[in-house]
Amino acid sequence: MTVAAERHHTICRACHAQCGLIVEVEDGRVARIHGDKDNPIYAGFSCIKGRELGSYHTAPTRLLRSQKRQPDGHLADIGSEAMMDEIAAKVADLVARHGPRSVALYIGTHGYNNFASSSFAKAWMDALGSAMKFDSVTIDQPGKAVALMLHGPWLAGTPTLDHWDVLTLIGANPIVSMNGGLGMNPARQLHRAKQRGMKLVVIDPRRTECAEQADVHLAVRAGEDAPVLAAIARELIAANAYDRDFVMAEADGFEALRAAVEPFTPEVAGARAGVDPADIRKAAELIGSARRGAFSAGTGANMSGHGNLVEYFVKLLTTLKGFWRRPGDEVANPGVLIQPFPAIAASPGPQPAWGLGETLRVRGLTQCAAGLPTAALAEEILTPGEGQVRALFVLGGNPILAWPDQIKTVEAMKALELLVCFDPHVSATARYADYVIAPTLPLEVCAPTALNEMIGNFGPGWGFHKPYAQWSEPVLARPERSDLLEEWEVFAGLADRLGLPLRIPTVSLLDPQAAAEQATRVEPGQDLTPHEVWAMLLKGSPVPFEEVRGAVAGRLFDRPPVVVEAKPEGWAGRVQIGAAPMMAELDALAAQPTEGPADPYPFRVISRRMRDVLNSSWHENDKLKRQYATNPAFLNPEDMARLGVVSGDLVEIESVRATIRGVAESAPDVRPGCVSMTHAWGMSPGEDDDPRLAGVNTGRLTAVDQDFDPYTGMPRMSAIPVRVRRAPA
Ligand SMILES: Nc1nc2c(c(=O)[nH]1)N[C@H]1C(S)=C(S)[C@@H](COP(=O)(O)OP(=O)(O)OC[C@H]3O[C@@H](n4cnc5c(=O)[nH]c(N)nc54)[C@H](O)[C@@H]3O)O[C@H]1N2
Ligand SMILES: Nc1nc2c(c(=O)[nH]1)N[C@H]1C(S)=C(S)[C@@H](COP(=O)(O)OP(=O)(O)OC[C@H]3O[C@@H](n4cnc5c(=O)[nH]c(N)nc54)[C@H](O)[C@@H]3O)O[C@H]1N2
Ligand code: SF4
Ligand SMILES: [Mo]
């Protein structure tokens, strides 16, 4: 006999969007999951990943107990207490022999998704004395933070979607990715904005779901965004369609910018990017005639060789148009869990963008504004000498499938003395691990929507546009006969064994110094409940944690309105729109000959997201792979015909670094000359020669020490030059 279903509200944590969902539980198991039409932000939205969250928890491949590598190479169960004893002893020994820098941390998607795990992990590294804390930001959109520092932050932020007359998306596809540009429930937001007359410009080599709805779609050659953005800036200046008063009052560097964009006429940019100059003019006119609007760049634009410059254009075009919030504007979200910056219509001016904190031993790289360059971590592991990394903790990430330069990443994982992965599966990386720690999954633990509120500061169309928050209590009990830990419990357990107190900063304060001042000290062996942990993480939140804990269905909080104040008398900071390193990069682009010798690698592999999987996660669920069981090599039909292949045929994709095989799939939406492929599929080299089985890994095509960004260390992860041919039978 089945019991009537209990209905619970929950926060989906399968991606960063944190949708408010409803879970129906019967007999202790998930019967159904669906969107919540009463949710004031998501209004019933859910995607198939969220609706399949139940099966995520019961997947046959899910680890219910942590694993230890045995002398014969197999993984076998280990009790969590014994596991923490052993790992703590190994770390103590490494630190004694080689110093704390020999221990590194990499926080991936699912570590980043959970402030309790990432905060405890970083605090544990601080307690050890190791600065070697890496995360996926520097292999994602690091240009965002770098450009923000070169330009200078605008404290009052940007107006929200309902105020824009025009939106320009550059290498981003938020309808599928749920990432920045269109806020939550993006398809509905775009529909509404278009109905009230907002114009949409999309710059993307593929006619994406967003481009389908664009007023102007510039289907640029991959990697050629910067010339097009330069031409748009040039047109705005030439047509006097920029906000001259705002620029005079708030910005330095206008003349340097004007000179640097001068060579990029629409004809020059159009020839480089392979688009009609008239379309560049049309885009510039739409932007030029707008009173308010926004620019948003995504991973495609960040990974294609000029990520910092593209993101810098995003900032400086916003300034040229005066698209920032102005005195008297209301701040749409005065903050619930995160205290926003003071709403002043001013900038503190540019800040250091690199050369911060730890210096790496390879390629002259330093910590940049986006963090330590993850693209250099494999070399830090492989380069002998003082400071060599010998132990790596991977928190909810999958280096083997996600990092650039898979060949080097495999070497590095093998070279480690200690590899510890926190992962619910024996992932492609966990296959090299000494310990795989089995974590609890989202429906088994409590959490707030703090992450999504925090990323509201990344740019326009990110995070919540209203004072919204939700708190989730566990919906499911931990499975029978399981021995699981929340990731933070492991770091607290390791710190206890090493006798180290932890300092847990609050995530509610954006200023790192203020957050550190409000840090809570956790003594070795101190008993903590999850609620106590979240109370310390949310110390100083605009709405007290105890009150937010009542918002189990997600709700809007009644916050006093915040209105942007005018710049105080005598304020010195001004934004910078002609930063020397960026202008030099533009000059170098302008000096490149437009007609080069024939390109030996004439195709470009460009990245994309697939709706039903998240990076390397969700591949174990066949229901989610009903449409694509592989990551196809999407090619324009013209290219398919020239190569003599039809959908389903195998093609060889060769870069200077490696050759992979892909399953060709005809796609008229892809610009000729591009191979549109999703990352984080496949296996290690030699294991995915038949891509029809588990896909193939595009990270293998890149080499970290070639064609890399000098500040973020990131090589091209999109717009990767390749040749393509029909695979021999
Ligand atoms: N060529 C190319 N490369 C790319 C990209 C690209 O566009 N092109 N994109 C880049 C980007 S933007 C990113 S963010 C990175 C992603 O880089 P990573 O974050 O390193 O990779 P993921 O595949 O997201 O790894 C997630 C891992 O977390 C595990 N996991 C799932 N749920 C949980 C959980 O609840 N707890 C824990 N502890 N683990 C869990 C999964 O099993 C999986 O092994 O990849 C980058 N790589
Ligand atoms: N369903 C789903 N959602 C996800 C993820 C997922 O794997 N699946 N991953 C999550 C992660 S980790 C992130 S970081 C976000 C990313 O979110 P987005 O940045 O929106 O990522 P994509 O959807 O891949 O869109 C990138 C676009 O860039 C285009 N592109 C590629 N190269 C170039 C270029 O040189 N120039 C220009 N202009 N465009 C180019 C591609 O064609 C693609 O349409 O998505 C997140 N959301
Ligand atoms: S969009 Fe992301 S948060 Fe929302 S239901 Fe899908 S996976 Fe979950
Ligand atoms: Mo990402």
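The second largest pocket here holds about 1100 Å³ of space. Keep in mind that this is a predicted model. Let's look at that pocket, then at two of the ligands.

**The second largest pocket**
- Its lining is made up of 35 residues, and Arg221, Glu224, Asp599, Tyr601 and Arg604 sit closest to the pocket's centre.
- Two elements each give two or more residues to this lining: helix H12 (266–273) and strand S30 (720–726).
- Sort the lining by class and you get 16 nonpolar, nine polar and ten charged residues.
- Domain 3 (143–327 + 576–583) and domain 4 (598–726) both give residues to the lining, so the pocket lies between them.

**Ligand 1**
- There are 29 residues around ligand 1, and the ones that come nearest are Tyr106, Thr109, Ala402, Asp423 and Ser616.
- By class, that shell splits into ten nonpolar, 15 polar and four charged residues.
- Backbone atoms join in: a polar one of Asn398 is 2.8 Å from an oxygen atom of ligand 1, and a polar one of Phe422 is 3.2 Å from a nitrogen atom of ligand 1.
- Asn615 uses its side chain, with a polar atom 3.1 Å from an oxygen atom of ligand 1.
- On its own, ligand 1 would expose 920 Å², and the protein buries 96% of that.
- Ligand 1 lies between domain 2 (67–131 + 373–437) and domain 4 (598–726), because both give residues to its shell.

**Ligand 3**
- The residues surrounding ligand 3 include Cys12, Cys15, Cys19 and Cys47, along with Phe45, Lys49 and Met178.
- This shell counts eight nonpolar, two polar and one charged residues.

How values were computed. Residues numbered from 1 in each chain as written. Chains lettered and ligands numbered in written order. Predicted model: local features only at pLDDT ≥ 70, side-chain atom pairs only at ≥ 80, totals over all residues. Heavy atoms only, no water. Near = heavy atom within 4 Å. Nonpolar A, V, L, I, M, F, W, Y, C, P; charged D, E, K, R; others polar. Polar contact = N/O pair within 3.5 Å; in protein donor to acceptor, adjacent residues only side chain to side chain. Areas by Shrake-Rupley, 256 points an atom, 1.4 Å probe, with all protein chains shown as cover. Domains from an automatic or database assignment. 1 Å grid on protein atoms, 1.4 Å probe; cavity = no way out; pocket = protein on both sides within 12 Å on 5 of 7 lines; lining within 4 Å. Points joined across faces, edges and corners; volume = space filled by probe spheres on them. Helix = DSSP H or I, 4+ residues; strand = E, 2+ residues; numbered from the N terminus.
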